[in-house]
Amino acid sequence: MTRHFLDIHRLEAAALRGILDDAHARKAARKGWPMGRVDADAPARDHVLAMIFEKNSTRTRFSFDAAIRQLGGASIIANAGDMQLGRGEPVEDTARVLSRMVDAVMIRANSHEDVERFARVSTVPVINGLTDRSHPCQILADLQTIEEHRGPVVGKTIAWVGDGNNVCASFIHAAPKFGFTLNVACPAEYHPDLFDLQKGGAAVHLTGDPREAVIGADVVVTDTWVS
């Protein structure tokens, strides 16, 4: 079965920890290197990553393109409006076509449901580069940064101050997987989805008071109070 990365809660804790440890190791090994140099083991050699953008992007676009090159592979980038997808071609048809031409697909999309439909048909791995429901790659990068400055995230308390948006959802998914406590402060009418809170379980504490959320926190992550 093809493995995708659509949401953090779908992966096992050990697999997620492995991704983060590998990221730490690769970043350390590249210290002082020019950005275009390929990693010594070149694990993506001869592989092609397709990137589809329905939403504008700076960091996601450049980081994925730089990453696949550093891993030894190549990329093909397209805006959804440049493809038949933008003219009404079914998501499933696009997935079937790209599965015959590339080795993996990253999608930055408006609808999480569309990415799930794409993944159900795709025979190559699909990566969620952002949807309306989650942003898993950003949270792994955030956790990497936290560990670089504060040490292992396990046992830490992270405070989220902002509305319960897609980024908040992925932080909630990550808390029980990585063993940290997440204090979430949101306006009552913009609280996280109950599905996401269920995935977070006892690791997540919800409040409407930012002052309460940050008490004793090792890290404070902020976003707009109302998107």
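# Helices, salt bridges and a surface patch

Val-226 is located in the segment that follows strand S8 (219-222). The structure in which this residue appears is a predicted model. With a relative accessible area of 36%, Val-226 is partly exposed. Together with Tyr-190 and Trp-225, Val-226 forms a nonpolar patch on the surface. The accessible area of these three residues together is about 250 Å².

From this patch the reader may turn to helix H1 (13-29). H1 consists of 17 residues and reaches 24 Å from its first C-alpha to its last. That distance is close to the 24 Å expected at 1.5 Å a residue. Which residues of H1 are buried? They are Leu-16, Leu-20 and Arg-26. Seen down the axis of H1, the buried residues fall within an arc of 130°, and therefore they line one face of the helix. A general property of helices is useful here: an α-helix has 3.6 residues a turn, so residues three or four places apart point the same way. The buried residues of H1 pack against H5 and helix H6 (166-178). On the face of H1 turned away from the buried side, the exposed residues Ala-14, Ala-28 and Ala-29 are found.

Arg-26 deserves a second look, since its relative accessibility of 19% lies under the 20% limit for a buried residue. The side chain of Arg-26 meets that of Asp-22 in a salt bridge, with 2.9 Å from N to O. Asp-22 counts as partly exposed, at 38% relative accessibility. These two residues, Asp-22 and Arg-26, are four residues apart in helix H1 and are thus separated by about one helical turn. The pair also belongs to a wider arrangement: a network of salt bridges links Asp-22 and Arg-26 with Arg-30, Asp-39 and Asp-41.

In total, the structure holds 16 salt bridges. Another of them joins the side chains of Arg-10 and Glu-116, at 2.5 Å from N to O. Arg-10 lies in the segment before helix H1, whereas Glu-116 lies in helix H4 (residues 112-121), so this pair ties together parts that are 106 residues apart in sequence. Are the two partners buried or exposed? Arg-10 is partly exposed, with a relative accessible area of 44%, while Glu-116 counts as buried at 16% relative accessibility.

Glu-116 also meets the side chain of Arg-133 in a salt bridge, with 3.9 Å from N to O. Because Arg-133 lies in the loop between strand S4 (126-130) and helix H5 (136-150), and Glu-116 in helix H4, this pair ties together parts that are 17 residues apart in sequence. Arg-133 is partly exposed, and its relative accessible area is 39%.

Helix H4 can now be considered as a whole. Besides Glu-116, its buried residues are His-112, Val-115, Phe-118 and Ala-119. These residues cover an arc of only 160° around the axis, which puts them on the same side of H4. The exposed residues Glu-113 and Arg-120 are carried by the face of H4 turned away from the buried side. Against which elements do the buried residues of H4 pack? Their partners are strand S1 (48-53), helix H3 (91-99), strand S3 (104-108) and S4.

Helix H6, one of the elements against which the buried residues of H1 pack, contains Ser-170. This residue is buried, with a relative accessible area of 0%. When residues up to four places away in sequence are not counted, Ser-170 touches Ile-8, Ser-134, His-135, Pro-136 and Ile-139.

Finally, two residues draw attention through their backbone angles. Phi of Asp-46 is near 70°, a positive value in a residue other than glycine. Asp-46 lies in the loop between H1 and S1 and counts as exposed, at 70% relative accessibility. Leu-130 likewise has a positive phi, near 145°, and is a residue other than glycine. Leu-130, however, is found in strand S4 and is buried, with a relative accessible area of 10%.

Methods: Residues numbered from 1 in each chain as written. Predicted model: local features only at pLDDT ≥ 70, side-chain atom pairs only at ≥ 80, totals over all residues. Heavy atoms only, no water. Salt bridge = Lys/Arg side-chain N within 4 Å of Asp/Glu carboxyl O. Buried < 20%, exposed > 50% of the residue type's maximum accessible area, 1.4 Å probe, protein only. Patch = residues over 30% accessible without salt bridge, like charges linked within 9 Å, V, L, I, M, F, W, Y side chains within 5 Å. Areas by Shrake-Rupley, 256 points an atom, 1.4 Å probe, with all protein chains shown as cover. Expected span 1.5 Å × (residues − 1). Arc of directions from axis to C-beta. Contact = heavy atoms within 4.5 Å.
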